[in-house]
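Subject: Structure handover

Hello,

Here is the structure for your files. My notes follow below it.

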Amino acid sequence: MVDIDDVERAARRLEGQVLRTPCVESRTLSQIVGAQVFLKFENLQFTASFKERGACNKMAQVAQAGAGQGVIAMSAGNHAQGVAYHAQRLGIPATIVMPRFTPGVKIERTRGFGARVVLHGDSLEAARAHADELAACEGLAFVHPYDDDDIIAGQGTVALEMLDEVPDLETLVVSVGGGGLIAGMAVAARARNPGIEIVGVQTARFPAMVNAVKGTHHEGGTSTIAEGIAVGAPGERTRELIARLVDDLVLVDEGDIEQAVLMLLEIEKTLVEGAGAAGLAALIRHPERFRGRKVGLVLSGGNIDPLLLAAIIERGMVRAGRLARLQVSARDVPGSLARITATVAEAGANIDEVHHQRAFTLQAAQNVDIELVLQTRGREHLATVIDALHHAGFEAGEKR
């Protein structure tokens with residue numbers, strides 16, 4: 001079982017090899033969620049994830065023992081990059097098995113670190129089975145992404161650094177997939193501050209650890225924007241540590257994670273992936289649970305697919321009313337569209353798209369539905385634009 005000595009030895013191995021990331025207060029987020037929020041920027045690591053810590057700790061010991069034929073790992077991306085990078089740095093051949101759904105940005109970066117990448121299966125479990133087969137056939141040492149003592153100890157160094165920077169933290173909120181990060185952090189935090197509260201966060205679509213520890217039977221889904229914590233089966237070592245050392249596990253929805261990604265981008269000007277935003281998502285979903293407390297959040301990774309990020313930004317603008325779709329009914333005569341666009345412009349909104357609908361409408365034959373996609377300053381401004389159209393004599397309303 002991993003203990004504080006293992007974590008402290010890992011910290012010494014990591015010195016000069018991984019970044020000691022900042023842990024700073026976010027005043028704006030603190031005001032929004034009603035807690036004093038400190039952010040640990042693990043998305044600033046060279047491979048943009050905390051996974052580099054466990055991988056570095058493991059690879060250092062593999063190199064010391066002799067690499068043999070090399071190592072193999074299965075991962076949806078962040079563990080893959082950590083293993084590939086530190087294996088390359090230490091001259092160890094690395095093979096990474098990744099599920100087919102893994103974002104392209106993670107696949108290409110892993111290959112960029114010199115690893116052989118094998119895409120197999122639609123889940124981590126299928127990738128793991130294939131990795132086991134390759135390990136047996138090719139004589140490779142398997143490096144588990146979370147259920148390994150050296151990996152757990154390496155991840156625990158996050159908590160040591162956070163408590164060095166902010167010794168009086170009252171609560172740690174940590175995303176949970178297989179459990180390596182929160183297990184290691186719980187070992188370190190309990191040794192440094194036995195009274196600290198530790199809360200794990202899972203997406204409602206992959207509640208495996210919540211079910212395993214709490215004995216619940218939440219049904220899962222098949223996909224999530226937090227693919228870094230999309231784990232169908234929790235680790236045995238990690239589950240034991242979490243059951244013993246973690247105070248609570250909570251679930252968040254996809255919308256909470258999307259909102260958290262966007263808030264961190266807009267407010268902190270920092271890019272996180274879905275799994276990296278899960279801690280803030282918990283504060284958004286369960287504000288009373290953390291109100292008034294000094295809370296440490298781990299921004300665990302920043303490897304998000306650019307197309308997914310674009311979709312999150314656009315959907316967030318829609319929810320905030322900053323991107324809206326209006327339907328305006330008007331007489332189908334010359335000048336109607338010009339009057340509509342002039343009214344919108346005078347109200348201070350910008351038009352992204354215009355679409356005339358003559359056939360698929362219940363309006364009279366001499367009328368037309370005009371669909372506008374607008375950029376506004378928010379819900380209040382959108383209401384002002386609609387009122388202006390009404391005063392100009394048009395029927396107008398938001399189209400969901």
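**K58 and its surroundings**

The side chains of K58 and D150 are joined by a polar contact of 3.5 Å. Please keep in mind that this is a predicted model.

K58 belongs to helix 3, which covers residues 51–65. Its relative accessibility is 14%, so K58 counts as buried, the cut-off for that class being under 20%. Apart from neighbours within four places in sequence, K58 is in contact with V143, D148, D150 and I151. D150 therefore turns up twice for this buried lysine: in the list of contacts and as the partner in the polar contact.

**The sheet**

There is an open sheet of four strands, and its pairing is parallel. The strand order reads 5-4-3-6. At the edges are strand 5 (116–119) and strand 6 (141–142), each of which pairs on one side only.

Strand 5 pairs with strand 4, made up of residues 94–98, in the parallel sense, and four bridges link the two. As an example of the residue pairing, V97 has V118 in strand 5 as its bridge partner.

**Helix 12**

Helix 12 runs over residues 278–285 and is mostly covered, with six of its eight residues buried. The buried residues are A278, G279, L280, A281, A282 and L283.

When you open the model, K58 and D150 are the pair to display for the 3.5 Å polar contact, and V97 with V118 for the bridge to strand 5.

Regards

Key: Residues are numbered from 1 along each chain as its sequence is written. This is a predicted model: local features need pLDDT of at least 70, side-chain atom pairs count only at pLDDT 80 or more; totals for chains, interfaces and linings use all residues. Side-chain values use heavy atoms; hydrogens and water are left out. Two strands pair if DSSP finds at least two bridges between them. Buried means under 20% relative accessible area, exposed over 50%, partly exposed in between (1.4 Å probe, protein chains only). A polar contact is a pair of N or O atoms within 3.5 Å; within protein, one must be able to donate a hydrogen and the other to accept it, and residues adjacent in sequence count only if both atoms are side-chain atoms. Contact means heavy atoms within 4.5 Å.
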